Amino acid sequence: MTVHPISPVYDTNSKILILGSFPSVKSREEMFFYGHPQNRFWKVIASVFECDVPETIEEKKKLLFENGVALWDVIASCEIEGSADSSIKNVKVNDLSKILNEADIKAIFINGKTAEKYFKKYTKPKIKRDAQCLPSTSPANAAWSVERLCEKWKVIKEIQR
């Protein structure tokens, strides 16, 4: 069983919650979200908010906080082989109540189909809120170019701050 080692990133000004599935091996090593250089998350978020692509964890947190974005994952622990979402078994989900109680989250977005699957199965019935699934920024989602991802992900900027 692999336990999620990264704390959620949010503050009381967070309006948007983005949920991934579970951190990759590289992200678990770095102890921060979307740590694999091939993952396009930070390029997409920087494009959406029209700023430079953050390099350090501090720069990444600053980008999130300045734009009212909270970041976490649906899964708290699971059995997983490497970083393959397809291998995920025996899922336990994160409790989102702390974020939802402390921040005025206006919208929840999900990064990819695996996160959506577990959100719908376990999280949605608990929190009784919908979430919009966006195409995964993972390099495994090769059908989507960075440009197409940026276009689709722009919807997060439309949420009132």
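In this predicted model, four strands form an open sheet in the order β3-β2-β6-β7, with parallel pairing. The edges of the sheet are taken by β3 (69-73) and β7 (132-134), each of which pairs on one side only. From one strand to the next, the twist averages 25 degrees.

A walk through the sheet can conveniently start at β2 (16-20). Five of the five residues of β2 are buried, so to speak of a mostly covered strand is fair under a cut-off of under 20% relative accessible area. I16, I18 and G20 point one way from β2, L17 and L19 point the other way, and all are buried. This pattern can be read against a general rule: in a regular strand, side chains alternate between the two faces of the sheet. On one pairing, β2 meets β3 in the parallel sense over five bridges, and here G20 stands opposite D73 in β3. β2 also pairs with β6, again in the parallel sense, over four bridges; in this pairing L17 stands opposite I108 of β6. The order of the sheet then continues from β6 to β7. Strand β6 (residues 107-111) and β7 are joined in the parallel sense over three bridges, with N111 opposite L134 in β7.

Two helices help to complete the picture. Helix α5 (residues 113-127) lies across β2, β6 and β7, and runs at about 145 degrees to β6. Helix α3 (residues 57-66) has K60, L63 and L64 among its residues, and these three are buried. Seen down the axis of α3, the buried residues fall within an arc of 95 degrees, and they therefore line one face of the helix. The spacing fits a familiar rule: an α-helix has 3.6 residues a turn, so residues three or four places apart point the same way. The cover over the buried residues of α3 includes α2 (41-48) and the edge strand β3. On the face of α3 turned away from the buried side sit the exposed residues E58, K62 and E66. After α3 comes G68, which has a positive phi, near 65 degrees.

A further set of pairings, in the antiparallel sense, is centred on strand β4 (residues 75-79). β4 is mostly covered, as four of its five residues are buried. Strand β1 (residues 2-3) pairs with β4 in the antiparallel sense over two bridges, and V3 has S77 as its bridge partner in β4. β4 also pairs with strand β5 (residues 89-93), in the antiparallel sense and over three bridges. In that pairing, I75 stands opposite V93 of β5.

Finally, there is the question of pockets. The largest pocket has a volume of about 630 Å³. The lining of this pocket counts 30 residues, of which S21, N39, D85, S136 and S138 are the closest to its centre. Both α5 and β7 supply at least two residues each to the lining of the largest pocket, and α5 gives the most, with three residues. Helix α5, which lies across β2, β6 and β7, is thus also a contributor to the lining of the largest pocket.

Terms used:
Residues numbered from 1 in each chain as written. Predicted model: local features only at pLDDT ≥ 70, side-chain atom pairs only at ≥ 80, totals over all residues. Heavy atoms only, no water. Pairing = 2+ DSSP bridges. Axes fitted to C-alpha atoms, helices over the stretch in contact; angles between N-to-C directions. Contact = heavy atoms within 4.5 Å. Buried < 20%, exposed > 50% of the residue type's maximum accessible area, 1.4 Å probe, protein only. Arc of directions from axis to C-beta. 1 Å grid on protein atoms, 1.4 Å probe; cavity = no way out; pocket = protein on both sides within 12 Å on 5 of 7 lines; lining within 4 Å. Points joined across faces, edges and corners; volume = space filled by probe spheres on them.
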